[in-house]
Amino acid sequence: MQLRKYVSIFKLTWQQYLAYRLNLFLEVFGGIFQTLITVAVWTLLFRFGSAQVIAGFSQPEMITYVLGGGVISSFLLLHRQGDDISDDINKGGLSAWLAKPVSPNLMWLAKDMCRKYFTFFIGLFAYAVIFWFFAGRLVPPVSVFAAFLLLFFTLLAALIHFGLFYIFSIMAFWFDQTWGPRTLLRVIMELASGILLPLSLFPAGWLQFLNLLPFKFFAYVPMQLYLGNFSATEIAIEFLTAVAWLLIIFSVSVVLWRRGMKVYSASGI
Amino acid sequence: MAKVSLMVNISSRGTFFIGVFAKMLRAILVVVFFQAIFFHVKSFAGWDFNEILLLTTIYLTFEVIVIITFHRNLAYWFPDLLLRGEFDLTLIRPISPLFFVSFRIIDWFDVTSLPPVIFLWWYVFTQGGFVFTAFDFTLFLLFLFLGVMFYFGLMIFLAGVAFWTVNPQGVGRLMERVFMAAKYPVSAFTGHVRTVLLFILPVSLFATLPAEILLHRSDPWYLIFAFVIACAVFFGSLLFWKFAIKHYSSASN
């Protein structure tokens, strides 16, 4: 019964995105263009350097990594993340939601997931054509289990991604604007997610540092799992790390939300 | 206009300074990105690390110029102005509507990306091992200007489309992603990618060509092409803008 409300919000948001589908399509298409350029860069580096393996990646593995990362990117890494939450708090839209029998937090989660799935489906169709074009030059998943792990960890990543932007967005309880912290998050995410290049290309010190951050779950970890580059122990560690991050994010979110509600002045109504 | 923009930007100091840090970090991370690649390869398709650093410096310089001035104005804020029906007021002001909508909001926030760019220029000049003559530099500035003019023309075209479409913000996002290709030495690519990036969507004009001028690698024929295409796109976009304004039937009541 409770869930139906959020399914309805999901459906309504889907309808909204359908109305402005060209915008999202162009945004996803931009990401695809960037991915294709990255593929061209790696093809060039492998050909020009005549190296068979770069940082443990063969050319087909690297192309698979970049294209797979691109699909995940169309699911996760879009602009204007957290704008809704920040605007609702700053402009008083939250008050209307508080008066309704829904949780604003679950409502924002439903909207965010809707956007992620919407862009994912747009991306999936476009990438299907690209995968067809690159057929024969791509590496299939090492096992069915690896493919399952890719999907499972991508879903965990989606929750971590929402949680991080949620934390930075509800700072709107205390600040007039929150684009600064969210920009910082996006900037770090672009490199630290491993979407542009695998994190294993970084020197050991950098790799150790980047491994401490949650951003690796946004591309690097799912794609490494797909390629079968993690042992069973490493998979277990990555899973526990992801769960730990989710728990940390959830705890911080709860504390910030409760404190935020105490200072919320419903301004902007 | 610039003063008002600065005041708006620093009205929320906390977020402004974090944003400033993010912008500076972004410039640094572009260098880190290439450094990570150079840990595993000796050259980037014939470009050594210092040459890539020069390219990155030019790319970031170009980005700062367009982002501070017209990019967001035309890609995001102008369509919004149209949608809210406020563009009509611009038409009765004693100022060119195109100039007004292109430079209405000077984004001081992005001026703060300058320190790493200045540092990179200092590094390139003093540690890069390059020798630039006054002629090289003049030609470089001329083609950097032509690159900006070309991009401005593209943005005017896209802004003009907003008169017929609703909320075309996705175009701005698309352009930003396409622009990112300019951080690579695009003339090094081969096949279709090379054709696209040099002639169809000539992002080479933004950074690769100016860098090649300083590195004495530019092809004279491509310089002529760049000059012609930049002028054609810019002046063509002005004509398109006039055409779009003529067919604008007002959005407010």
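User: What makes up the largest nonpolar core here, and which residues have the most contacts inside it?

Analyst: Welcome! The largest nonpolar core has 181 residues, and Trp42(A), Leu197(A) and Phe44(B) have the most contacts inside it. Its largest share, 13 residues, comes from helix α2 (residues 21–49) of chain A. A nonpolar core is a set of buried Ala, Val, Leu, Ile, Met, Phe, Trp, Tyr and Cys residues joined through side-chain atoms within 4.5 Å. Helices are DSSP runs (H or I, at least four residues), numbered from the N terminus. This is a predicted model, in which local features need pLDDT of at least 70 and side-chain atom pairs count only at pLDDT 80 or more, while totals for chains, interfaces and linings use all residues. Residues are numbered from 1 along each chain as its sequence is written, chains are lettered from A in the order in which they are written, and side-chain values use heavy atoms, with hydrogens and water left out.

User: Which residues is Leu197(A) in contact with, beyond its neighbours within four places in sequence?

Analyst: Contact means heavy atoms within 4.5 Å. Among the partners of Leu197(A) are Trp42(A) and Tyr65(A), as well as Phe33(B), Ala36(B) and Ile37(B) from chain B.

User: Why is the pair Glu51(B) and Arg217(B) called a salt bridge?

Analyst: The term asks for a side-chain nitrogen of Lys or Arg within 4 Å of a carboxyl oxygen of Asp or Glu. In this pair the closest N and O atoms are 2.7 Å apart, so the name fits. Glu51(B) lies in helix α3 (residues 49–68) of chain B and Arg217(B) in the loop between α12 (208–214) and α13 (220–246), so the pair ties together parts that are 166 residues apart in sequence.

User: Why does Glu51(B) count as buried?

Analyst: Buried means under 20% relative accessible area, exposed over 50%, and partly exposed in between (1.4 Å probe, protein chains only). Glu51(B) has 12%, so it counts as buried. Arg217(B), at 34%, is therefore partly exposed.

User: What makes up the side of chain A that touches chain B?

Analyst: Its residues divide into 26 nonpolar, eleven polar and five charged. Here Ala, Val, Leu, Ile, Met, Phe, Trp, Tyr, Cys and Pro count as nonpolar, Asp, Glu, Lys and Arg as charged, and the others, Gly among them, as polar. Between chain A and chain B there are zero salt bridges.

Conventions
Helices (H or I, at least four residues) and strands (E, at least two) are DSSP runs, numbered from the N terminus.
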